[in-house]
Amino acid sequence: MKVLLTGSTGYVGKLVCAGLGSRWDMVGVSAHADEAQGLFRCDLADAEQVKLLSQRVTPDVIIHAAGDKNLARCEASPVDAYMANVQTTINLAQHFPEARIIYISSDYVFPGDRGGYREDDPLGPVTVYGRTKACAELAGLTLSPNFYVLRLSALYDANATFLRFVRDSLTRGEAVNCFEDAYYSPTYYGDFLIVLERLVESQALSRRIYHACGQRISRYFFAKTFARAANLEQSLVHQASRVTEQASFLFADISLENTLTCESLDVSVGRHQEYLSFLEMNS
Ligand SMILES: NC(=O)c1ccc[n+]([C@@H]2O[C@H](COP(=O)([O-])OP(=O)(O)OC[C@H]3O[C@@H](n4cnc5c(N)ncnc54)[C@H](OP(=O)(O)O)[C@@H]3O)[C@@H](O)[C@H]2O)c1
């Protein structure tokens, strides 16, 4: 199986390389990659460069994990956000018509007002980032019959930004304020890799849209659960409110639901407490 991984130098891409890189004949591509390290360097937002790339590599599957997920930057530069998230997707769908494309999308395609969003729920993004991810999904699904969407909530392994922030602060004896009124469904990286592996290897897929997510939890309880798992001072995790602190880009409930994915791919999801303990034991 020949797999082209876009965004191979990014957070998602590195987890995919580390977890599944040896399973397939995988090659990575990103905008600033070092070709001397066996990667392709290509600005995927540039159609001409993607056309040239399609003459250099013929993948069976493309895992499209390139994009810009920086919410503030996307708000400040919607055109750049469009190029990174939408144009890259259009170019891949047009220049690799034979490849199965698995697009790494996001919970931000939903409005974040009620949570429990299913794979087939209507989209309703309210941020520029979310709009570009939704637009990329729709463009890809329209342009290519081989295009599949895999939505993630915030992905975590031991090095996830939020966990590092909590670990570092508590280790220094500093309190962290975490929102008790912002719910989401963070994705354990191991669950993500299992779903991704099925999407790459299944002969036939019964759905076009999938969710890899964890159990619904508030940011406060997630931090608290992590502190307990890591044997850190739990009392330093303080409750805060996104309403009173006017937090940007954090929603009341942007959690995903994954029953259709679990049924169609025969996968299941464990508990954050066990995953966080496992990560700490092995870090
Ligand atoms: N991280 C999460 O928790 C999460 C959750 C849900 C969805 N996602 C989605 O996953 C994708 C990757 O996220 P990430 O966390 O890995 O981001 P990241 O660490 O910022 O990495 C972004 C990657 O995309 C590449 N890239 C950006 N624009 C490109 C272009 N025009 N041409 C070629 N490569 C380009 C970058 O390449 P260079 O470094 O070479 O510039 C880098 O490899 C995003 O689309 C995001 O929406 C992530």
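## A tour around the ligand

Sorted by class, the residues in the shell around the ligand are 14 nonpolar, 10 polar and 3 charged. Keep in mind as you explore that this is a predicted model.

**Stop 1: the neighbours.** Select the ligand and show the residues around it. There are 27 of them, and the ones that come nearest are Thr9, Ser30, His32, Tyr129 and Lys133. Try colouring those five so you can find them again.

**Stop 2: the polar contacts.** Which residue puts a polar side-chain atom 2.8 Å from an oxygen atom of the ligand? Select Ser30, and you have found it. Next, click on His32: here a polar backbone atom is 2.7 Å from an oxygen atom of the ligand. Then move to Gly7, where a polar backbone atom lies 3.4 Å from a ligand oxygen.

Now switch on the surface. How much of the ligand's exposed area does the protein bury? On its own the ligand exposes 900 Å², and the protein buries 84% of this.

**Stop 3: the helices and strands.** Change to a cartoon view and select α1 (11–20), β5 (100–106) and α5 (128–143); each of them gives at least two residues to the shell around the ligand. Pause on β5, which supplies the largest share, 3 residues.

**Stop 4: the wider view.** Finally, select residues 1–238. UniProt, in an unreviewed entry, places the feature "domain: RmlD-like substrate binding" there. Over this stretch the chain is 40% helix and 20% strand. Draw a distance between the C-alpha atoms at its two ends, and you should find them 48 Å apart.

Terms used: Residues are numbered from 1 along each chain as its sequence is written. This is a predicted model: local features need pLDDT of at least 70, side-chain atom pairs count only at pLDDT 80 or more; totals for chains, interfaces and linings use all residues. Side-chain values use heavy atoms; hydrogens and water are left out. A residue is near a molecule or strand if one of its heavy atoms lies within 4 Å of it. A polar contact is a pair of N or O atoms within 3.5 Å; within protein, one must be able to donate a hydrogen and the other to accept it, and residues adjacent in sequence count only if both atoms are side-chain atoms. Accessible areas come from the Shrake-Rupley method with a 1.4 Å probe; for residues, only the protein chains shown count as cover. Helices (H or I, at least four residues) and strands (E, at least two) are DSSP runs, numbered from the N terminus. Ala, Val, Leu, Ile, Met, Phe, Trp, Tyr, Cys and Pro count as nonpolar, Asp, Glu, Lys and Arg as charged, and the others, Gly among them, as polar. UniProt positions are given in the numbering used here, feature names are shortened, and annotations may be inferred rather than shown by experiment.
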